[in-house]
Amino acid sequence: MKLNISAASQFLAAGAVEALEPQVKSAQAALENATCPGNDFLGWLHLPSSITPEFIAEINATAKTLQENCEAVVVAGIGGSYLGARMVIDSLSNSFGWLQPSNMPRILFAGNNIGEDYLSELIDYLKGVKFGVINISKSGTTTETAITFRLLKKMCEEQRGKEVAKKVIVAVTDAKKGAARTTADKEGYKSFIIPDNVGGRFSVLTPVGLLPIAVAGFDIAALVKGAQDMEKECDINAPYASNPAAVYAAVRNAIYQSGKKIEILCNYQPKLHNFGEWWKQLYGESEGKDGKGIFPAAVDLTTDLHSMGQWIQDGERTIFETVISVEKPNTKLEVPSDEENLDGLNFLAGKRIDEVNKMAELGTQLAHVDGGVPNIKVSIEKLDEYNLGQLIYFFEKACGISGLILGVNPFNQPGVEAYKKNMFALLNKPGYEKESEAIRAKLK
Ligand code: PA5
């Protein structure tokens, strides 16, 4: 993975990134010595290097059981309990694989919304399908996931029998507390623990992400290896200028301090759409607090150049971009030549599709920089498990450092509770009687 900040630092005063070195160093030290706010949620910091081959083998063995016994596996989870797995699986999957016959289970995602139609349609699809469930919830009480799991558990037991259901339902949850733990223990499901000190949005390299990714047939050892190598590259002892997490954290804070409040993560590969969703949660939930924080947005390019391109080029100058660039495609396809050339495209004949894409990427970068949009580039050689592992750790480490430079606790999410309190009050959840009364008075 390579980080290039030259098209961003040209927007900053000379030495602005270097000037942040002391703050970056103190953030790194606070993470390392666990002296920062949120210091009970630093389990992600050296997580990659703590993952053993035995642990990977245990996850792979459970994945194999699900693969051998299921035509579909529903991953039930929301937020940090789903976005990482979805991001890796989508980034690595054949875009049209779901239309092709396969001897691998289809991976479906649910528990991430409360759409009645979505759930009804899922249940209709699963009728007669040999399906399993991975129920992922750290708290074990998240409403979206819990409702979905209740529906799926019942259906799985009715359709496949209690004994098979026990084999094909797996829980990923807290070691001791929460309804998901209670159910898993009572029913005798295989379960994996989400470590206490790893928050949801930093949990993709725990079984939260690793199990679904392994069930989808991807190489979790390579994913972890990529993260391990990046952990070394971003180590506290790495020189500032060659530590990508330190430099990225510094440059985005310098840009923020210069008045640009929105960071847009751009990709040029449709498979990376959910990378943007994962990244938005990581940075949005970590930094958006205390009235501060860069607003994380994401676009898929070139697709969104035909929708958001105008705004990015020419709208309010409060944005900067971070582009994920994939150097080499995994396949080869050229623009064919055409005798009649009715579409006038013969000037591209014989060129790789990716060459056209790369010129779109370069042309866009130049145009956006000309339009006043600082541009950070993060390149990986190709889309595979190893490179995704590198990106995951790079963005996590940078996020921890960046949040501390910003002066917030990057590891809590107090703002997420507000809607839940209102929802429970409106639904008359036991224990919310006072809130129910207050909210109803407000609505009168
Ligand atoms: O990052 C977070 O902490 C959140 O997005 C959680 O992952 C999300 O709310 C789901 O929580 P839980 O795993 O407890 O069901």
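## Ligand shell, a helix pair and two backbone exceptions

An oxygen atom of the ligand lies 2.7 Å from an N or O atom in the side chain of serine 139. Taken alone, the ligand exposes 380 Å², and the protein buries 87% of that area (Shrake-Rupley method, 1.4 Å probe). This is a predicted model: local features need pLDDT of at least 70, side-chain atom pairs count only at pLDDT 80 or more, and totals for chains, interfaces and linings use all residues. Residues are numbered from 1 along each chain as its sequence is written, and side-chain values use heavy atoms, without hydrogens and water.

The polar contacts (pairs of N or O atoms within 3.5 Å) of ligand oxygen atoms include these:

| Residue | Partner atom | Distance |
|---|---|---|
| Serine 137 | side-chain N or O | 2.6 Å |
| Lysine 138 | polar backbone atom | 2.7 Å |
| Serine 139 | side-chain N or O | 2.7 Å |

Which residues are closest to the ligand? They are Ser81, Ser137, Ser139, Thr142 and Gln281, in a shell of 13 residues (a heavy atom within 4 Å). The shell divides into one nonpolar, nine polar and three charged residues. Here Asp, Glu, Lys and Arg count as charged, Ala, Val, Leu, Ile, Met, Phe, Trp, Tyr, Cys and Pro as nonpolar, and the others, Gly among them, as polar.

Now the helices (DSSP runs of H or I, at least four residues). The axes of α11 (residues 207-215) and α12 (residues 220-233) come within 9 Å and cross at roughly 140 degrees. Therefore α11 is oblique to α12 (not under 35, over 145 or 65 to 115 degrees). Leu210, Ile213 and Ala214 in α11 meet Ile220, Leu223 and Val224 in α12 (heavy atoms within 4.5 Å). By class, this contact has six nonpolar, no polar and no charged residues.

Two backbone features remain. Most residues other than glycine have a negative phi, and most peptide bonds are trans. Alanine 34 has a positive phi of about 55 degrees. Alanine 34 sits in the loop between α3 (21-32) and α4 (47-50). The peptide bond from leucine 301 to threonine 302 is cis, with omega near 10 degrees. Threonine 302 is in the loop between β8 (295-300) and α15 (309-314) (strands are DSSP runs of E, at least two residues).

Methods. Polar contact = N/O pair within 3.5 Å; in protein donor to acceptor, adjacent residues only side chain to side chain. Axes fitted to C-alpha atoms, helices over the stretch in contact; angles between N-to-C directions.
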